[in-house]
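User: I am new to this structure. Please pick a single part, look at it closely, and tell me how it sits among its surroundings.

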Amino acid sequence: LCKRVLGIYLQIINGVQLSNETWEIFLKLIIGVTDSLLFNINNTHNTREKEFLITLSSGLTHPPPGSNLILANKIGSNLMKVVFDMIVMSKNENPQIWKLLSNVTQTQWINFSPTIHQWSSSLQMLTIRTLTTIYAPEDLPAQRETT
């Protein structure tokens, strides 16, 4: 079910024109959901900044340590793809969203290997897109196949 929901998110971001306000809501939601899932996986901090949490309802708390590990391992790669694709596709310029993303990636998500792998893939995609914008596709070096 979680993978289906993430697939729906990908369809939305790739196929629908959204307003800046709607993008910001989607970004805050997906960052909040991801942060909630990844909060306790490698948490070594006793305290935590709450400024970036989305208040979906009063009394929102993080689950007990370790309870998300199985789910995170099953959907982690898909989830990180959605997060980074949304950031890229939204063309977001709101400094609060970037600060939020910076806070969670540097404090919580950095220890989760799908974060690193998906960020690398996103940067590669952006580099290729930039190069094809600057140069004609036939002028680019052949792409290496990655595993």
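Analyst: A definition comes first: helices here are DSSP runs of type H or I with at least four residues, strands are E runs of at least two, and both are numbered from the N terminus. The model is predicted. The protein has five helices and zero strands, and from the N terminus on its elements run α-α-α-α-α. Of its 147 residues, 33% count as buried. Among contacts with a separation of 6 or more, 78% join residues that are 24 or more positions apart.

The part chosen is helix H2, which covers residues 20-38. Two of its neighbours are described here, beginning with helix H1.

The axes of H1 and H2 come within 13 Å and cross at roughly 155°. An angle over 145 degrees counts as roughly antiparallel, and H1 is therefore roughly antiparallel to H2. The crossing of H1 past H2 is left-handed. From H1, the residues that take part are Leu 6, Tyr 9, Ile 12 and Ile 13, and they meet Trp 23, Phe 26, Leu 29 and Ile 30 of H2. Sorted by class, this contact has eight nonpolar residues, with no polar and no charged ones.

Two residues of that contact also form a ring pair. By the rule used here, which asks for ring centres within 6.5 Å, the count comes to two aromatic pairs. For Tyr 9 and Phe 26, the ring centres are 5.4 Å apart and the planes stand at 75°, so this pair is edge-to-face. Tyr 9 belongs to H1 (residues 2-15) and Phe 26 to H2, so the pair ties together parts that are 17 residues apart in sequence. Are these two residues buried or exposed? Both Tyr 9 and Phe 26 are buried.

Next is the contact of H2 with helix H4, which spans residues 95-107. The axes of H2 and H4 come within 11 Å and cross at roughly 10°. Angles under 35 degrees count as roughly parallel, and H2 and H4 are therefore roughly parallel to each other. H2 passes H4 in a left-handed crossing. On the H2 side the residues are Glu 24, Leu 27, Lys 28, Ile 31 and Asp 35; they meet Ile 97, Leu 100, Leu 101 and Val 104 of H4. By class, this contact has six nonpolar, no polar and three charged residues.

The stretch of chain that leads into H4 also has a detail to look at. Lys 91 lies in the loop between helix H3 (69-90) and H4. Most residues other than glycine have a negative phi. Lys 91 has a positive phi of about 55° although it is not a glycine. Its relative accessibility is 70%, so Lys 91 counts as exposed.

Further along the chain, His 117 lies in helix H5 (residues 113-134). With a relative accessible area of 54%, His 117 is exposed. His 117 and Lys 81 are 36 residues apart in sequence, and their C-alpha atoms are 9.4 Å apart in space.

To return to H2: its contact with H1 has eight nonpolar residues and no charged ones, whereas its contact with H4 has six nonpolar and three charged residues. H2 is roughly antiparallel to H1 and roughly parallel to H4.

Definitions and conventions. Residues are numbered from 1 along each chain as its sequence is written. This is a predicted model: local features need pLDDT of at least 70, side-chain atom pairs count only at pLDDT 80 or more; totals for chains, interfaces and linings use all residues. Side-chain values use heavy atoms; hydrogens and water are left out. Axes are lines fitted to C-alpha atoms, for helices over the stretch in contact, and angles run from 0 to 180 degrees between N-to-C directions. Angles under 35 degrees count as roughly parallel, over 145 as roughly antiparallel, 65 to 115 as roughly perpendicular and the rest as oblique. A crossing is left-handed if the near helix is turned anticlockwise from the far one by less than a right angle, and right-handed if clockwise. Contact means heavy atoms within 4.5 Å. Ala, Val, Leu, Ile, Met, Phe, Trp, Tyr, Cys and Pro count as nonpolar, Asp, Glu, Lys and Arg as charged, and the others, Gly among them, as polar. Rings of Phe, Tyr and Trp (its six-membered ring) pair if their centres lie within 6.5 Å; planes under 30 degrees apart count as stacked, over 60 as edge-to-face and the rest as tilted. Buried means under 20% relative accessible area, exposed over 50%, partly exposed in between (1.4 Å probe, protein chains only).
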